[in-house]
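Open the model in your viewer and set it to a cartoon view. The tour below goes stop by stop, saying what to select and what is found there.

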Amino acid sequence: MKSLIDIMDLSVRELDELTDTALDIIAHPDQYAHACEGKKLATLFFEPSTRTRLSFEAAMYELGGHVLGFSEAASSSASKGESVADTAKIVSCYADIIAMRHPRDGAALVAAMNATVPVINAGDGGHCHPTQTLADLLTIRREMGRFDHLTIGLCGDLKYGRTVHSLVNAMSRYEGVRFLLIAPDELRLPEYVRRDVLDAKGIPYTVTNDLDGAIPSLDILYMTRIQRERFPDQSQYERLKDSFVLTPEKMARAKDKMAVLHPLPRVNEISVAVDQDARACYFRQALNGKYMRMALILKLLSQADGAPAITLPEGLSGDHRCKNRRCIVQTEQELPQRFVSSDGVWRCVYCETAAE
Ligand code: NCD
């Protein structure tokens with residue numbers, strides 16, 4: 001693996017190795033303090049971020065490396081119309097590794113097709129967010145001591161929640177995992193995740209909008225924010241924004257060992273009073289993200305070879321257009337359409353949306 005675009009780019013063994021490295025960094029930080037001396041990380045954030053960007057930057061500094069980049073599209077040449085492909089080629093001249101966040105689904109793949117240094121997807125639209133999953137996995141390992149035989153409740157915006165899509169992929173590879181998908185009807189898990197991951201692997205799951213009813217059976221409750229910026233229709237956001245609020249009363253019905261995770265930022269979906277509960281893991285989870293990003297930077301830099309990180313997957317081109325309005329093909333200059341087949345369904349290589 002030369003870049004991390006999707007959590008499935010990493011095997012279960014590689015995930016174990018990354019969590020082992022992160023635990024070793026936590027135990028012996030001094031041994032890693034010069035590991036990336038002379039190396040530069042570029043953080044290209046076309047979308048707002050606190051945790052992801054700053055934890056990447058802190059990670060690189062704690063490895064003895066340097067950081068350059070931008071934190072909003074307005075201060076980059078994207079505001080003048082530069083493509084993601086050109087930006088990735090240019091930044092490859094200045095940095096040894098790139099972490100990129102972009103509002104379009106599939107943007108990180110396009111960057112990796114054009115960069116000659118490793119690219120890390122720090123969130124592409126509503127599609128995926130593999131390094132948040134690394135933070136989630138280290139948190140599950142430290143809090144629960146295992147990845148298997150867990151009942152996981154995913155609550156909130158499962159449609160646009162890219163962290164949820166990557167976590168479902170990652171956890172579906174462990175024995176005895178089942179999911180409760182707790183969302184309003186309008187924000188259910190996308191069909192490409194449900195069908196290609198859960199149904200394809202025979203993973204048990206229940207779809208519900210009843211958090212109260214679900215909570216007593218959960219080992220992990222993964223809360224998410226209803227994401228105002230992803231809604232094409234703001235009146236729908238207003239209607240759904242207060243769908244779920246985790247309160248101390250709800251926590252009283254949960255198992256003594258249930259872990260509450262949240263990728264953060266929180267708006268109002270977890271009451272501040274819950275922060276006092278020992279089962280609230282979300283601030284520890286944010287710290288874990290820094291250690292996992294350190295482990296990932298070390299791994300990718302050790303594998304970098306100067307060649308383009310990823311080539312466009314083989315598949316069908318032709319006249320089909322991706323129908324996803326948020327897909328990178330809608331805005332990127334001269335980007336070829338490309339569809340690959342899984343189980344008889346043709347999907348866009350950039351955003352995984354099924355072709356009509
Ligand atoms: C999430 C994201 O940006 O996808 N946050 C994060 O990276 N920690 C979730 C969110 O924005 O709600």
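A residue is called buried here if 20 or more other C-beta atoms lie within 10 Å of its own, and exposed if 12 or fewer do. With that in mind, select β4 (119–124): six of its six residues are buried, so by this definition the strand is mostly covered. Keep in mind throughout that this is a predicted model.

**Stop 1: the domains**

Colour the chain by domain. The domain assignment gives domain 1 (7–129 + 289–303), domain 2 (131–286) and domain 3 (315–356). The centres of domain 2 and domain 3, taken over C-alpha atoms, are 28 Å apart.

**Stop 2: the four-stranded sheet**

Go back to β4 and show the strands around it. Four strands form an open sheet here, in the order β2-β1-β3-β4, and their pairing is parallel. The edges are held by β2 (66–70) and β4, each with a single partner strand, so one side of each has no neighbour in the sheet. From one strand to the next the twist averages 15°.

Now select strand β1, residues 40–45. Five bridges pair β1 with β2 in the parallel sense. For one of these partners, pick L44 and look across to F70 in β2. On the other part of the sheet, β3 and β4 run parallel and are joined by four bridges. Here I98 stands opposite V119 in β4.

Which helices should be shown next to this sheet? Start with α2 (51–62). This helix packs on the sheet and touches β1, β2, β3 (97–102) and β4. The direction of α2 makes about 175° with that of β1. Then add α11 (282–303), which lies across β1, β3 and β4 and runs at about 125° to β3.

**Stop 3: the five-stranded sheet**

Move on to the other open sheet, which has five strands in the order β7-β6-β5-β8-β9, with parallel pairing. At its edges stand β7 (205–208) and β9, each with a single partner strand, so one side of each is left without a neighbour in the sheet. The twist in this sheet averages 15° from one strand to the next.

Zoom in on β6 and β7, which run parallel and are joined by four bridges. Select L180 and find its bridge partner in β7, T206.

**Stop 4: helix α6**

Select α6 (162–171). How many of its residues are buried? The count is 10 of 10, and the helix is mostly covered. Among the buried residues are R162, T163, H165 and N169. To see what they pack against, show β4, α5 (130–144), β5 (151–155), β6 (178–182), α7 (191–201) and β8 (220–223).

**Stop 5: the ligand**

Show the ligand and the side chains around it: R51, T52, G123, H129, Q132, R162, T163, R225, Q227, P263, L264 and P265. The elements that give two or more residues to this shell are α2 and α6. By type, the shell divides into three nonpolar, six polar and three charged residues. Why does the ligand lie between two domains? Domain 1 and domain 2 both give residues to the shell, so the ligand lies between them.

While there, centre on the peptide bond from L264 to P265, which is cis, with omega near 10°. P265 belongs to the loop between β9 (259–261) and α11.

**Stop 6: towards the C-terminal part**

Follow the chain from α11 into the loop that leads to β10 (339–342), and stop at R325. R325 counts as exposed because it has 10 C-beta neighbours inside 10 Å. Draw a distance from the C-alpha atom of R325 to that of H34: the two are 291 residues apart along the chain and 44 Å apart in space.

In the loop between α11 and β10, select E334 as well. E334 has a positive phi of about 55° although it is not a glycine. This residue is exposed, with 6 other C-beta atoms within 10 Å.

The last selection is E352, in the segment after β11 (345–348). E352 is not a glycine, yet its phi is positive, at about 70°. Is E352 buried or exposed? It is buried, with 24 other C-beta atoms within 10 Å.

Terms used. Residues numbered from 1 in each chain as written. Predicted model: local features only at pLDDT ≥ 70, side-chain atom pairs only at ≥ 80, totals over all residues. Near = placed C-beta within 6 Å. Nonpolar A, V, L, I, M, F, W, Y, C, P; charged D, E, K, R; others polar. Domains from an automatic or database assignment. Pairing = 2+ DSSP bridges. Axes fitted to C-alpha atoms, helices over the stretch in contact; angles between N-to-C directions. Contact = placed C-beta atoms within 7 Å.
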